[in-house]
Amino acid sequence: MITNKRSIVFVFCVILLAAIPVCVAVAGENGKVPVITVLERTTEPLLKADRPWEERGIGIDQALRIGDQWHLWYAAFDHGYRTDNDCYLCYARSKDGVSWEKPTLGIYSYKGNKDNNILMFGFNLATIIFDEKAPAAERFKGVGARMVEPQREWWVYGATSPDGLRWKVLDEPLLKKNSDTGNICIHDGDVYRLYVRMWSGWSDRPYTGKRVVGYTESATFGGFPDPVVILKPDKDDPSDFQFYNSATTKIKDDLYLMFPSGYFAKSGTSLVYAAFSRDGKRFRRLERKPLLDLGKGFDSKGVYVATGATPGEKPGTYWFYYGGTALPHDIESSKVRSDGGIGRFLLRIVD
C-alpha cells in the first residue's frame, strides 16, 4: 500500500528528499507482517565521477560503518572499458556517511601515477564482509566476478584483505558458474550464503532466457554447489521484465530483505523492487510496485541497491546505498562521460 505523509526536506551536506513514503507489507511465513517505508532518498549524488579513472562512470559496491568511520568500495571505469573486467576498484571514506573523501592511497599506479584512490584493476568486489574474529590477514573478505576464457563466462571469485585496502584474489573460484552481476555473500553464523545471477535458459548455455536470482550456500568461503533459482519473473510481469541483481541483506535472525533491480529490456531502465525471507532461502515479493522509482538526475535511468544495512539514528531505521545511472543499459561506451553516482535512502522497517 502507499500512504501519504508530509514531505520533509533534509539537508545535510547534500540535499536529500523525503519523498512520499512508500510502504510495502505482506504476511510472513511465521505470521508477521514486515512493513517497509522509504523515509528519505538522495536527490544529488553523494559521490560522483570526477577523476580520470572515472571518466566513463562509477557504480556502487558496498558501504560499511566500522566504529566511527564509514568506508565505501566502488567500481570506476575509464574509456579503456571493453568488458566489466576493465574495472578499477576504488575506495572512499567518510565521517558521517554523506561527505566522502577519495584519499590518495599510493597502492595502484594509474598511467604511471599512484596519487589516487584505486585499490586494484580487473576485479570488482560487490560484497565486502568485515569479520573482526577472522585471522588478521582475512579480516575483510570480498566477492566479485571475473570473466574466464575460453568459456566467456563470469565465474564468482573471492578475495581477502587485512585492512580492506590491500587485497589478495583467491586462486580458486568460489563458484564455477556464469554470474555476470554484483554477487552478494552473507556470512551468516556457520554458513556463507551466496546470491548470484542465473539465467532462465542456463541449462542450455549462458546468457539465454531471462535474468533471475539464484542461491547457494557453503560452510566455507569456497566450494559452493550449483545454485538454485529463488526469484524470477512470473506470468503477471511484463514480457520484458527481468531481475537484474539481488542486493540481499540480513536485517536480523529471521528477516532477510532483497532489493533486486527490475530490469525492463525494451527501455533499458531498472527500478528497485523488494522481497523478504525468514530463512534466507525462500523469498516472497512484497508488491508489484517498485520500492524505488527512477530519479530525476544521476539515477534517471537505473537504480541498483548495494548489500548492507547501516542503522540510522532512530530505532528500526537503516541506511542503504545505491548506484544510479542516467543512461539506459548497454549504451555504446564511447558516448559515455562521467555517468552516474552514488546515493542512499533511509528505510524504516517494522516487523
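Strands in these notes are DSSP runs of E with at least two residues, numbered from the N terminus. I am working from a predicted model, and I kept that in mind for each entry below.

**Entry 1: confidence**

I looked up the confidence before anything else, and found a mean pLDDT of 90 for the protein, with 90% of its residues at 70 or more. For residues 1–29 I noted a pLDDT below 50, although this stretch has 78 contacts in the model beyond near neighbours in sequence. Where pLDDT is low, the predicted coordinates should not be read in detail, and I therefore left the individual contacts of that stretch unread.

**Entry 2: Asn-117**

I then went to Asn-117, which I located in the loop between strand S9 (100–101) and strand S10 (118–121). Is Asn-117 buried or exposed? I recorded Asn-117 as buried because its relative accessible area is 0%, where the cut-off for buried is under 20%.

Which side chains does the side chain of Asn-117 meet in polar contacts? I found one such contact with the side chain of Trp-53, at 3.1 Å, and another with the side chain of Tyr-74, at 2.8 Å. Setting aside residues up to four places away in sequence, I also listed what Asn-117 touches: besides Trp-53 and Tyr-74, there are Leu-89, Cys-90, Tyr-91, Lys-102, Pro-103 and Leu-105.

**Entry 3: His-187**

My next stop was His-187, a residue of strand S15, which covers residues 184–188. With a relative accessible area of 32%, His-187 goes down as partly exposed, a class that lies between 20% and 50%. From its side chain I traced a polar contact to the backbone oxygen of Gly-189, at 3.4 Å. Leaving out neighbours within four places in sequence, I noted contacts of His-187 with Ile-129, Asp-131 and Tyr-192. I also looked up a pair set apart along the chain: His-187 and Lys-250 are 63 residues apart, and their C-alpha atoms are separated by 9.6 Å.

**Entry 4: enclosed space**

Rolling a probe the size of a water molecule over the atoms shows where empty space is left. How many cavities of 30 Å³ or more are there? I found one, and the volume I wrote down for the largest cavity is about 40 Å³.

For the lining of this largest cavity I listed Gln-62, Ala-63, Ala-306, Thr-307, Gly-308, Ala-309, Thr-310, Trp-319 and Tyr-321. Strand S6 (57–66) and strand S28 (317–325) each contribute at least two residues to that lining. Sorted by class, the lining came out as five nonpolar and four polar residues, with no charged ones.

Definitions and conventions: Residues are numbered from 1 along each chain as its sequence is written. This is a predicted model: local features need pLDDT of at least 70, side-chain atom pairs count only at pLDDT 80 or more; totals for chains, interfaces and linings use all residues. Side-chain values use heavy atoms; hydrogens and water are left out. pLDDT is the predictor's confidence in each residue, from 0 to 100. Contact means heavy atoms within 4.5 Å. On a 1 Å grid over the protein atoms alone, a cavity is a set of points where a 1.4 Å probe fits but cannot get out, and a pocket is an open set with protein on both sides within 12 Å along at least five of seven lines; lining residues have an atom within 4 Å of a point. Grid points are joined across faces, edges and corners, and a volume is the space filled by probe spheres set on the points. Helices (H or I, at least four residues) and strands (E, at least two) are DSSP runs, numbered from the N terminus. Ala, Val, Leu, Ile, Met, Phe, Trp, Tyr, Cys and Pro count as nonpolar, Asp, Glu, Lys and Arg as charged, and the others, Gly among them, as polar. Buried means under 20% relative accessible area, exposed over 50%, partly exposed in between (1.4 Å probe, protein chains only). A polar contact is a pair of N or O atoms within 3.5 Å; within protein, one must be able to donate a hydrogen and the other to accept it, and residues adjacent in sequence count only if both atoms are side-chain atoms.
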